[in-house]
Amino acid sequence: MNFLNVEELQRLFLFLLRRIFQSVFVLFGLSILIFLLSRVLPGDPARMALGARAPQETIQRLRDEMHLDEPLLQQYQIWFTNALGGDLGDSLRTRRPVVDDIVEFLPASMELVLLAGVISAIGGITLGTLSARHKDSWIDNLVRVVSYMGVVTPAFVVAIIFLTFFTTAEFGLDLFPPIGRLSSGFEPPPRVTGLYTVDALLAGQFDTFVNALHHLILPSLALALGSLSQEARITRSTMSDNLTRDYIAAERALGIPEKTVTGKFLLKPSLIPTVSIFGLDFAANLSNAFLVEVIFNWPGISRYATTAMLYKDLNAIAAVILILGVTFIVVNILVDLVVGILDPRIRLRGARSD
Amino acid sequence: MVARETPLLDIRDLSVHFRVYGGVLRVLDRINFHVLQGERVGLVGETGCGKTTTMKTILQVLPTPPAEIPQGEIRFQGQDVMTMSQRELVNMRGQGISMIFQDPTAALNPVFTVGQQLTAVIRHASPENRNLNNSQLRERALEALRQVALADPERLLDSYPIQLSGGMRQRVCIGMALSTRPGLLIADEPGTALDVTIQDQVLRLLQDLVEQQGNSFILITHTLGIVRQMTDRVYVMYAGNMVEVAPTQRLFTNPLHPYTQGLMDAVPRLTGGGISEGIPGRIPDYMNPPSGCRFSGRCPHAMPVCSREKPPVFQIEGPEDESHEVACFLYDEPHKVSNYKAELQPV
């Protein structure tokens, strides 16, 4: 309520404008980098795409089509001009525009990463708060040990463990479907966002929603565990530090009930570092999802990207990295916004230096 | 000590320890302390002697752990603070006792506006206040800011602490502590974090407000001049012990404990011999405090008994039946007192 006066809105708008302006340069730099990297990799992409027994003239035709024999600068110019027009070229492997591939695979990953983000934020902040409130008790010790294990265990190990124990009755419980986004017999809902859960709800297909969510839970939980643990640790340490501050003692001393002190006056300043870490983790999860996507046979962008790299699928590699770059930038802008909302010191200092 | 009425606040035999890495800090050592209804009490002693810890213990806002209370009793309006339920504590804090913290910058939450903090305090000050709507709360908050002579309170309510000067923050803290209309106000070294002229203004304001509202008042300070102006009775604290208590005028004219005498001598005076030497030495280590009197290591009159035994409290007769207590072996027998005083107090 105090945040949204005209002056602050104006400041917010300027901040966004500046950040978007800056990110244009970042993306431009990124595009040069990925372009160069993908071109200097050893091996002939045309040969790899067409196979060892393809005749030389077929390969040469593809090389010409892809301008692979032109000087690098010119290749980049062509790629860049097309990219500005929304054409990121064709994939050598799927033989269709890369943009179409991304539109198909990105939402699956986004769905995974978004749910993982929600799980890790809620779980991490809850566990961290619990731990800080009961510092040095058995709750705290348990949270600390478990979150430490969560940080050091790679997501794919968690994924395998989940797959082993929660999908078959053989070793554990038959609680979740092992692979895919939907069970056989379910049609994907009419496409609006590409997120099956959201689309199913939009179409009013409640059964499909439940089924999609059921498939989503295990992989996103596996993906979330690392960042959840990280956030629990950060929240715990910030909060237990803030608990010893004078302002908390003062608020208590002035008769504000414990629930309000902890739930409001302690929580807000303690969330600031957690939000920053959350942003980084969220964006990183999009690319780290690869092994989780492989294990759960999830048709996501991470799996697509890795295959593209193995096949030296130039345009696909460039496009995916660009998408990841954009995601990082967008998430970071959002994080800065949220941190600015949470912390007036940053907001006001930023304004002063303008 | 002869208590003539039930004190508003009564602390008996209170010890507070801090369990830290490497041992236990025995910070408060069996202190006694009370405040009568309407009384203005001073608490003096050098930095680190446990004044703030005592106050935070009264309000039960010490972080536990590391703090623990191995023994003692705190009663507010006859009720045992340490067995109070969370609800009773919340009721006592704010409306019963409220506190102005030492460092206004640290005592204000940096990520909430003055208005958000102030209205939260007012809303929870009493059951009736919980029914106030937002504009009534805002009105009460504005009133609290005007009371402490802050200009442009409307704008202040929407400001964050970093947008205010040190003096303004201190006033906000005072306004906040008074906004609950407390029965007992604790002021912990008000203005110490400010420069001298502002400190003076703040203290004068505080003095006026306490006189106006007539609440009981505890003033913690290491500045003796302020105590003399603003209090009826003074406790002197040294390294977690209460070493002397007396009516303010009497303490200033007739300080008994060697530490109190040292404190008085340490005050620079415009007339006389310039800057004094102060008291040599430092506060002892709380992890291994001396087994006898905690001041014995620095005391110019230390006797063998001082380092062996903890001195009991001696009642010293004064005129008009005023209670003057001192914890020092020099006052063990009446003749020693007279000898000592004759020797030490050339007028």
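User: I'm new to this predicted model. How many residues does each chain bring to the contact between chain A and chain B?

Analyst: Welcome! To read a contact, start with what each partner supplies. Here 33 residues come from chain B and 26 residues from chain A.

User: Which elements of chain B supply at least two residues each to the side that touches chain A?

Analyst: They are helix 2 (86-92), strand 6 (97-100), helix 3 (104-107), helix 4 (114-123) and helix 7 (166-178) of chain B. Next, look at residue classes: this side of chain B holds 20 nonpolar, nine polar and four charged residues.

User: Into which domains is chain B divided?

Analyst: Chain B has domain 1 (9-237) and domain 2 (244-344), with C-alpha centres 29 Å apart. Their contact takes 19 residues from domain 1 of chain B and 17 residues from domain 2 of chain B. On the domain 1 side, strand 2 of chain B gives the largest share, five residues. By class, that side of domain 1 has 10 nonpolar, four polar and five charged residues.

User: Now a single residue, please. Is Ile97(B) buried or exposed?

Analyst: Counting neighbours is the way to read this. Ile97(B) is buried because 29 C-beta neighbours lie inside 10 Å, and 20 or more are needed. You will find Ile97(B) in strand 6 of chain B.

User: Which residues does Ile97(B) contact beyond four places in sequence?

Analyst: Among them are Ile58(B), Phe76(B), Met92(B) and Leu184(B). Sequence distance and spatial distance are worth reading together: Phe217(B) is 120 residues from Ile97(B) in sequence, with their C-alpha atoms 9.4 Å apart in space.

Note on methods: Residues are numbered from 1 along each chain as its sequence is written. Chains are lettered from A and ligands numbered from 1 in the order in which they are written. This is a predicted model: local features need pLDDT of at least 70, side-chain atom pairs count only at pLDDT 80 or more; totals for chains, interfaces and linings use all residues. Two residues are in contact if their C-beta atoms, placed from the backbone, lie within 7 Å. Helices (H or I, at least four residues) and strands (E, at least two) are DSSP runs, numbered from the N terminus. Ala, Val, Leu, Ile, Met, Phe, Trp, Tyr, Cys and Pro count as nonpolar, Asp, Glu, Lys and Arg as charged, and the others, Gly among them, as polar. Domain bounds come from an automatic or database domain assignment. A residue is buried if 20 or more other C-beta atoms lie within 10 Å of its own, exposed if 12 or fewer, and partly exposed in between; C-beta atoms are placed from the backbone.
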